[in-house]
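Hi,

Here is the structure I promised to pass on. Have a look at it first, and my notes follow underneath.

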Amino acid sequence: MTGTIFNIQRFSLFDGPGVRTVVFFKGCPLRCKWCHNPEGLSSARQIMYNPERCIGCGACIEACSLACHTVKEDLHAFDRSRCISCGKCAEVCYSRALTTVGQELTVDEIMETVLKDKAIYLESGGGLTLSGGEPLLQGEFAIVLLKSAKSHGLHTCVETSGFGKTEALAEMARHVDLFLFDYKITGDEAHRELCGVPQTPILDHLALLDSMGATIILRCPLLPFNRNSEHAEGIARTVLSHSCIREVQVMPYHRLGIAKSEQLGIIPTYEGEVEDRALVENFVREVWERCDKKVNVIIG
Ligand code: SF4
Ligand code: SF4
């Protein structure tokens, strides 16, 4: 069994407690307009092209049998319309202007990397985090990977939108110490408009995890669309009605996804400015007060 993975990031400090290795699953059923990991959207392998790294050597021209690359007067052009993402051009692009995103890996191959830092996890209270994309979309593989991590005594986190198969989530929960669970925008209609799917099935899954005794950090992206009292109240209502939520992390919008979208040949769906710090802090305070100050609300 293999999973499609687009990155394995060691020494992460932001995706659960302690020092962690984060495994990014490729493929996501949501289409959030502000997505900061666009390389996780498609389940298929893709080619990224960063023109700033291109030295115009022309090695990609030789490698591609479909004539997707041309170089004229040291200027490289990439025609994606014929590309089948075979990755041959990326293999010969030594400046890494072209890279392949997404590879098929077995649990053993991933665990070989993850276990390199076992001593650091034990020292720092860290472990393994599954992120994406959406790990639930490859639920069967994610569960086997989590089981393997637990068999090695590792702390496990899953970062999820909460949208996916109920059975996979329930089985996953048996092997997860902490969920980083997204709460993106309040209400089915707004959620469907900004993320492509309704919110109700996600909240049903949150209730399921609550009933199973899971531990959850609620992660709330913050943008001009949802920086309002209705949403602050929605977060607080959710916190107060689920005993599993131990913290809220408000995640201000950043622009890192824009360059990555362009390198994938995707037109970014949102290109706003970074949120003003004072507005973020006001929102955090409002959520905290509406939660009756019962849980920590922090900027993530
Ligand atoms: S192989 Fe890489 S560096 Fe060379 S021309 Fe192609 S994209 Fe540019
Ligand atoms: S990935 Fe394959 S088909 Fe696409 S440009 Fe590179 S060599 Fe050509």
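**The β4-β5 hairpin**

In the hairpin made by β4 and β5, two residues lie between the strands, and Glu73 has a positive phi near 50°. Before you read on, bear in mind that this is a predicted model. The two strands, β4 (residues 69-72) and β5 (residues 75-78), run antiparallel and are joined by four bridges. If you want a spot to start from, find Thr70, which stands opposite Ala77 in β5.

Glu73 has some company as far as phi goes. Phe11 isn't a glycine either, yet its phi is positive, at about 60°. You'll find Phe11 in strand β1 (residues 2-12). For context, most residues other than glycine have a negative phi, and most peptide bonds are trans. On that second point, look at Gly132 and Gly133: the peptide bond joining them is cis, with omega about 15°. Gly133 belongs to the loop between β8 and α5 (139-151).

Now the sheet. Which strands form it, and in what order? It is an open sheet of nine strands, running β7-β1-β2-β8-β9-β10-β11-β12-β13, with mixed pairing. At the edges are β7 (103-106) and β13 (296-299); each has a single partner strand, so one side of each is left without a neighbour in the sheet. From one strand to the next, the twist averages 30°. Helix α11 (residues 277-290) packs on this sheet and touches β11 (216-222), β12 (245-252) and β13, and its direction makes about 170° with that of β13. Within the sheet, β2 (residues 20-25) pairs with β8 (residues 127-132) in the parallel sense, over six bridges. There, Thr21 stands opposite Leu128 in β8.

Then there are the two ligands. What surrounds ligand 1? Its neighbours are Cys54, Ile55, Gly56, Cys57, Gly58, Ala59, Cys60, His76, Cys93, Ser95, Ala97 and Leu98. By class, that shell has eight nonpolar residues, four polar ones and no charged ones. The space that ligand 1 takes up is the largest cavity. His76 also takes you back to the hairpin, as β5 covers residues 75-78.

Ligand 2 has 13 residues around it, and the ones that come nearest are Cys64, Cys83, Cys86, Gly87 and Cys89. The shell of ligand 2 divides into nine nonpolar residues, three polar and one charged.

That's what I have for now. Happy browsing!

Key: Residues numbered from 1 in each chain as written. Chains lettered and ligands numbered in written order. Predicted model: local features only at pLDDT ≥ 70, side-chain atom pairs only at ≥ 80, totals over all residues. Heavy atoms only, no water. Near = heavy atom within 4 Å. 1 Å grid on protein atoms, 1.4 Å probe; cavity = no way out; pocket = protein on both sides within 12 Å on 5 of 7 lines; lining within 4 Å. Sits in = over half its atoms within 2 Å of the grid points. Nonpolar A, V, L, I, M, F, W, Y, C, P; charged D, E, K, R; others polar. Pairing = 2+ DSSP bridges. Axes fitted to C-alpha atoms, helices over the stretch in contact; angles between N-to-C directions. Contact = heavy atoms within 4.5 Å.
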